[in-house]
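The following exercises concern the architecture of one chain, the contact between its domains, and its interface with a partner chain. Each task is followed by a solution in steps.

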Amino acid sequence: MGTPMPAPDQIDFSALPIYLPEVECTSRERIRAIQLAKLIEQVGYTYARVPWYRDQMDALGVTPADIRTLDDVRKLPFTDKSALRETFPFGMFAVPMDEIVEMHASSGTTGKPIVVGYTAADMDVWSECIARLAQMAGVTAADRVQMAFGYGMFTGGFGLHYGIQRIGGMMIPAGAGNTERHIQMIEDYGTTTLIATPSYAMHICEVGEKLGFDWASSTLERGLFGGEPCPPRLKAEIEARMHITCTDNYGLTEVMGPGVSGECLAHRDQQHIAEDHFLWEVVDPATGEPVAEGEMGELVLTPLDKRGIPVLRYRTHDLTRVTTEPCACGRTLARMQKVRSRCDDMLIIRGTNVFPSQVEDVIGRIDELTPHYRIVVDNEGGLDRMTVEVEIKPEAFSDSFEEMSAFAREVAGKLRNVLLVTPVVRLVEPGGIERTLGKAKHVDDRRR
Amino acid sequence: MSITQISVFVESRPGHLTRTLEAFAEAGIQVRGFCAGDTGEYGIVRFIVDRPDAAMALLAERGAAARTSEVLCARLDDRPGALARAMVACAQAGINIVYCYSLAATCIALSVKDIASAEAALADADIDLVDQAELARVLAGATL
């Protein structure tokens, strides 16, 4: 019988598994010590084995001996996706090809694919990271886990598969597609956990409903999502309709694949980073300088024990903020806010960095507004002007110019408190903001 | 005694008011009076129609931001000074008219905070007030 998790404050976390408590729940000091020891070794390994990095570091006048503290990571060059493209396919590999036991590649929608190779040790780290995030969601050896990702070059399928097996869970490798068969398999095999993209999970849910499948009484307990961002509203809807608990994780092919961080059940908008395997930095995307802890910026990752393709300071272009505050689930590993926007979305308004996701957060907390918004930036008399168009809900309309104007000012005030820039708020009719399929176009920057 | 007014939130852009009016036309809803005000960015358009319930259902179905409120409707004499007389009656009773607009023919709609006292003040001045049922009769043959 599917029994979704209760609200975070009603969960008995002591009853939930933690895959590697001696690391996941250790002191911050010990984590930093582990990171430093691994960083020093990894930089030496990389410098010695990858000519591309040796050239970059030589050009900056940095040697492995310069890395003595964690902050010294800033002396190292950044790595961008282009480096992996230029060296296609195997130019960044640090080991002879016969030590590589598996390869994967990104889809390559914007050029040549990014090719990555894993040694046996890399595969071991990868499956361990997946095992951690699966246990954050409550998966144990007793679970039957149905794969709805495609296997293949994409890292999601095999990555999750190995990690689930690592904790003894039973994999049902159904693969992508054939929705009715997925539903039949859930029923026949007593599947407890579904691995899918959130949009495909929603599709399975809807097809099941049409077929008269009763999700409330099915064996399915949880969804492990990945492959695409999972908007909170979509997740909440899937949880309510399928009677399951859904978590998602973060990762990217260039640094490993899924499993860099995973969502625990205490903070549903955050994910614990596998800090003993990944050194994280959050930097100002414009300057590359670190931001204060808790501030929004670009996530930069250095895998600490990656042998096949070591990568230093990989710029993810993903925006997040990281906290090292203790978590109710018992883990001490830092938590990153789920990534909902990319650096390419960042706007600089009168010298202040503004992210559309901040606007989205504020709008999402105002009951009188729908979640739809649009940001228009233009320049008037040399000054940047930011206009935020928001849709009022039909029931929030007051039939008084005075009240509507006061409301618009109130919204502007709430935005200013978060953005540190005062926008003009323009109220728009319900449905007045264009809905686009897929990625909504939230920003119209007319200064360019 | 009052009549039902419908207010609709519309953006101040070409074509936006049209959509509502065309929907009314299609549903055979008769507009008896209206007033449109704006702030430069958005406007509130207020309507008096023959079938407020049907009009609201239509607007809700279209997802529009709309709501009803009660306003007074006075039927003025068809002669000079009639409008002044209605305003004076309210002013003397200390009643502030929030906004006011004319309907087809010699009817005006008045929005006030306290309908009962405004109604009393106008009745004392012998100004003819009209309710929803009567409005249909009074404004028969006067659709905007």
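Buried area is the accessible area, found with a 1.4 Å probe, that two parts lose on being put together, summed over both. The structure examined here is a predicted model.

**Exercise 1. Describe the fold and overall dimensions of chain B.**

Step 1. Chain B contains five helices and seven strands. Read from the N terminus, these elements follow the order β-α-β-β-α-β-α-β-β-α-β-α.

Step 2. The radius of gyration of chain B is 15 Å, close to the 15 Å given by the globule rule for 144 residues, so chain B is as compact as a globular protein of that length.

Step 3. Along the principal axes, the C-alpha atoms of chain B fill a box of roughly 40 × 35 × 25 Å.

**Exercise 2. Characterise the contact between domain 1 and domain 2 of chain B.**

Step 1. Begin with the bounds: the domain assignment places residues 3-70 of chain B in domain 1 and residues 71-138 in domain 2. Their centres, taken over C-alpha atoms, are separated by 22 Å. Domain 1 of chain B brings 14 residues to the contact, and domain 2 of chain B brings 13 residues.

Step 2. Turn to the area. Between domain 1 and domain 2 of chain B, about 1100 Å² is buried, and carbon and sulfur atoms give 56% of this. On the side of domain 1 of chain B, the residues that lose the most area to domain 2 are B:Ile3, B:Arg32 and B:Glu70, which together make up 51% of what that side buries.

Step 3. Consider the pairings. The rule finds zero salt bridges across this interface between domain 1 and domain 2 of chain B, but six residue pairs are in polar contact there, both residues being at pLDDT 80 or more.

Step 4. Locate the contributing elements. Strands E1 (3-11), E2 (31-38), E3 (42-49) and E4 (66-75) of chain B are the elements that give two or more residues to the side of domain 1 that touches domain 2. The residues of that side of domain 1 comprise seven nonpolar, four polar and three charged.

**Exercise 3. Analyse the interface of chain A and chain B.**

Step 1. The contact draws 18 residues from chain A and 24 residues from chain B. About 1600 Å² is buried between chain A and chain B, with 55% given by carbon and sulfur atoms. In chain A, A:Phe397, A:Phe401 and A:Glu429 lose the most area to chain B, together 43% of what that side buries.

Step 2. Three salt bridges are counted between chain A and chain B. B:Arg46 forms a salt bridge with A:Asp399, and the closest N and O atoms of this pair are 2.9 Å apart. Eight residue pairs, both residues at pLDDT 80 or more, are in polar contact across the interface of chain A and chain B.

Step 3. On the side of chain A that touches chain B, strand E19 (383-392), helix H11 (401-419) and strand E20 (424-428) each supply at least two residues. E20(A) gives the most, with five residues. The residues of this side of chain A divide into 10 nonpolar, four polar and four charged.

**Exercise 4. Explain which parts of chain A the pair A:Asp143 and A:Arg222 ties together.**

Step 1. Over all chains, the whole structure holds 39 salt bridges. The side chains of A:Asp143 and A:Arg222 meet in a salt bridge, at 3.0 Å from N to O.

Step 2. A:Asp143 lies in the loop between helix H5 (120-136) and strand E3 (144-147) of chain A, and A:Arg222 lies in strand E6 (residues 222-225) of chain A, so the pair ties together parts that are 79 residues apart in sequence.

Methods
Residues numbered from 1 in each chain as written. Chains lettered and ligands numbered in written order. Predicted model: local features only at pLDDT ≥ 70, side-chain atom pairs only at ≥ 80, totals over all residues. Heavy atoms only, no water. Domains from an automatic or database assignment. Contact = heavy atoms within 4.5 Å. Salt bridge = Lys/Arg side-chain N within 4 Å of Asp/Glu carboxyl O. Polar contact = N/O pair within 3.5 Å; in protein donor to acceptor, adjacent residues only side chain to side chain. Helix = DSSP H or I, 4+ residues; strand = E, 2+ residues; numbered from the N terminus. Nonpolar A, V, L, I, M, F, W, Y, C, P; charged D, E, K, R; others polar. Rg over C-alpha atoms; globule rule 2.2 N^0.38 Å.
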